[in-house]
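Q: Please take a close look at the nonpolar core of this chain, and describe how the elements around it are arranged.

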Amino acid sequence: ELWADGMLVASNEYRYLNGKLYFRTYSTYAGEKALKVISVSKYTYTGDLLTTVVENVLERHGAESDIITNFTYTEDGLIKSARKWNINEYGVPIVVESAFTTGVNGNIIKISEVTTTRGVRGLPSVYTMKYDDKRNPRYGLIDPLEFTEYFSPNNVVDLNEKTFSDEKSTQSRYEYNADRHPTSVNANDLLPAEFRELVK
């Protein structure tokens, strides 16, 4: 659940089979303390590795659309690449290809991302991350398309985003409990000199 100012604004529900996540339902606030289902994702595995995610967007300007992401891995089982394909609400095919660099402890330390629209490749966006040495509570849980949260066992403390038009950096600082799990995180993604409470 995601709460803001004491109000429930979004929720994820998970269904498992034999210890593996097979369905995820994502809902957002729809007024009167109600949640509205936005999408349902289905997960497919090859052995123990997640290889395909199909996200059925239930409402997109009145049309249904499947967003398919395929994952590949190194021989050590670390994520190597992701290819996301969908047709947007205007009927335009979009492919997003991501290549990953993973550190020895399994954390994703770099992502290079290229978007192709109508067969035209855009300029790459590059994301670089630094981590703490504590346990990431979202590891293997939240959403595989949130790559650093799902695939990295530790928590991001510094994120640098470099696109063709902009470059920005976000730092996060955590409070931890005795089990080395974060209990809250503050981020300075609004102003570099100021931290705001992000989530507990």
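A: In this predicted model, the largest nonpolar core holds 19 residues, and the members that touch the most others are Leu50, Phe71, Ile108, Phe147 and Phe151. At least two residues of this core come from each of β4 (35-46), β5 (49-60), β6 (63-73), β7 (79-87), β9 (108-117), β11 (125-131) and α1 (147-151). In soluble globular proteins, nonpolar side chains tend to be buried together. For the setting of this core, the chain as a whole has one helix and 15 strands, and buried residues make up 36% of its 200 residues. Of the contacts with a separation of 6 or more, 24% are between residues 24 or more positions apart.

Phe147 offers a way into the detail. Leaving out residues up to four places away in sequence, Phe147 touches Phe71, Ala82, Ser98, Phe100, Ile108, Ile111 and Ser152. Two of these, Phe71 and Ile108, are also named among the core residues that touch the most other members.

Ile111 leads on to the pairing of the strands, since its bridge partner in β11 is Tyr127. The two strands β9 and β11 run antiparallel and are joined by four bridges. On its other pairing, β11 meets strand β12 (residues 156-162), again in the antiparallel sense, over six bridges, and there Thr128 stands opposite Asn160. The two faces of β11 can be told apart: Ser125, Tyr127, Met129 and Tyr131 form the covered face, whereas Val126, Thr128 and Lys130 form the uncovered one.

Strand β4, which also supplies core residues, contains Ser41. Ser41 counts as buried because its relative accessibility is 3%, under the 20% cut-off. Apart from neighbours within four places in sequence, Ser41 is in contact with Tyr22, Phe23, Arg24, Val53, Val54 and Glu55.

Nonpolar side chains are also found on the surface, where Met7, Tyr29 and Leu35 make a nonpolar patch of about 240 Å². Tyr29 lies in strand β3 (residues 20-29), and it counts as partly exposed because its relative accessibility is 34%, which falls between the cut-offs of 20% and 50%. The accessible surface of the whole chain comes to about 12,500 Å², and carbon and sulfur atoms account for 51% of that area.

Technical notes: Residues numbered from 1 in each chain as written. Predicted model: local features only at pLDDT ≥ 70, side-chain atom pairs only at ≥ 80, totals over all residues. Heavy atoms only, no water. Buried < 20%, exposed > 50% of the residue type's maximum accessible area, 1.4 Å probe, protein only. Contact = heavy atoms within 4.5 Å. Areas by Shrake-Rupley, 256 points an atom, 1.4 Å probe, with all protein chains shown as cover. Patch = residues over 30% accessible without salt bridge, like charges linked within 9 Å, V, L, I, M, F, W, Y side chains within 5 Å. Salt bridge = Lys/Arg side-chain N within 4 Å of Asp/Glu carboxyl O. Core = buried A, V, L, I, M, F, W, Y, C linked by side-chain atoms within 4.5 Å. Pairing = 2+ DSSP bridges.
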